[in-house]
Amino acid sequence: MHITSGRWIHGLLLALLTALLWGILPIKLKQVLQVMDPITVTWYRLLVSGGLLFIWLRAKRRLPSVQALGRKGKGLVLVAVCGLMGNYVLYLVGLNLLSPGTAQLVVQLGPVLLLVASVFVFKERFSLGQGIGLLVLLGGFGLFFNQRLEELLTSLGAYTTGVLTIVLATSIWVFYALSQKQLLTVWHSQQVMMVIYLSCALLLTPWVHPLEVLQLTPVQGWLLLACCLNTLVAYGAFAEALAHWEASRVSATLALTPLVTLVAVALAAWVWPEYVQAEGLNGLGYLGAVTVVLGSALVALGPSLVAGWRARKARLGQVL
């Protein structure tokens, strides 16, 4: 069992850095997608991230051994590759139809779907605290979509299609996450990500248009580079945060990501109104976003909250 270092301040700062990087990512991607198609953008992101990891692991002489995988491991790699590739491409397709804040909020379904899948696949427990968190999260979504709830439920326009595409992307991500969790018993995280990134890039190659990058403005070019590096740096910060802090607390901190996106969009729309549009939410919409974040945090912290409550109850019983 992995034991954290106990340096919780380091873990908190690294988790906040991850939330910041993931929070501003859709804003940058939105600008790049004005010129490039989703598959090509995904290909560049995966190729750059995987290539840098390959150079790093090669220099450290820590490239993964394929023989260590076995037949089952190779099947897991295939599922993880298809899952991540589908998630990346479908997320960008959905982002093209939605605002960054809406896309990032819908992504909060990912940890919940992973939790439900883990109950069936890994026989993990679903606690009362997590059930309450799930109800809070679903209520938050109802508040967030209050202005367009009728459109979501009665028509299949661009907005509804975008939301459903992000939901599908998040659902596919669960297969990747479950496979990666198993692969970590054979390879360490950097080796797993390198193989998955480069494999995804290779599979996407027949459908990419790499020369589209020449159509980018200098600003969009720098944003594309930032998108490529974002995944690598954010994931590294996330992995390091887990080394110093409990996974449930890291996950609860990362639930802040949609709020980071909403604040970043508001600031960007104020500073660069010609490039970024404001979200256009009403008061209930912003309240819903906060409620979704609280629900997501409760889902992450549910087991530890229940365990803490039982421990305090037991100590109180001993005293009495």
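A residue counts as buried here when its relative accessible area is under 20%. By that cut-off F145, at 7% relative accessibility, is buried, and this residue is a good place to start reading the predicted model above. From F145 we can walk through a cluster of aromatic rings, then visit a helix pair and finish at a loop residue with a positive phi.

**Aromatic pairs around F145**

- The structure holds four aromatic pairs.
- In one of them, F144 and F145 meet edge-to-face, with 5.1 Å from centre to centre and 85 degrees between the planes.
- F144 has a relative accessible area of 2%, so this residue is buried too, the cut-off being under 20%.
- F145 also pairs with Y159, again edge-to-face, at 6.3 Å centre to centre and 80 degrees between the planes.
- The F145–Y159 pair links distant parts of the chain, its two residues being 14 residues apart.
- F145 belongs to the loop between α6 (128-144) and α7 (149-154), while Y159 belongs to helix α8 (residues 158-183).
- Both F145 and Y159 are buried.

**The cluster and a charge over a ring**

- Ring pairs join F141, F144, F145 and Y159 into a cluster.
- Y159 has a further partner in R148, whose charged end sits over the ring of Y159.
- The distance from that charged end to the centre of the Y159 ring is 3.8 Å.

**Packing of α1 with α10**

- Helix α1 (residues 8-32) packs with helix α10 (residues 218-244) at an angle of about 155 degrees, and their axes are 8 Å apart.
- Angles over 145 degrees count as roughly antiparallel, which is why α1 is described as roughly antiparallel to α10.
- The crossing of α1 and α10 is left-handed.
- In the contact of α1 with α10, the residues divide into 19 nonpolar, seven polar and two charged.

**A positive phi at R61**

- If you like checking backbone angles, have a look at R61: its phi is positive, about 55 degrees, although R61 is not a glycine.
- R61 is found in the loop between α2 (38-59) and α3 (70-95).
- The relative accessible area of R61 is 79%, and because exposed means over 50%, R61 counts as exposed.

Conventions. Residues numbered from 1 in each chain as written. Predicted model: local features only at pLDDT ≥ 70, side-chain atom pairs only at ≥ 80, totals over all residues. Heavy atoms only, no water. Phe/Tyr/Trp six-rings, centres within 6.5 Å; stacked < 30°, edge-to-face > 60°. Buried < 20%, exposed > 50% of the residue type's maximum accessible area, 1.4 Å probe, protein only. Helix = DSSP H or I, 4+ residues; strand = E, 2+ residues; numbered from the N terminus. Lys NZ or Arg CZ within 6 Å of the ring centre and 35° of its normal. Axes fitted to C-alpha atoms, helices over the stretch in contact; angles between N-to-C directions. Parallel < 35°, antiparallel > 145°, perpendicular 65-115°, else oblique. Left-handed = near helix turned anticlockwise from the far one by under 90°. Nonpolar A, V, L, I, M, F, W, Y, C, P; charged D, E, K, R; others polar.
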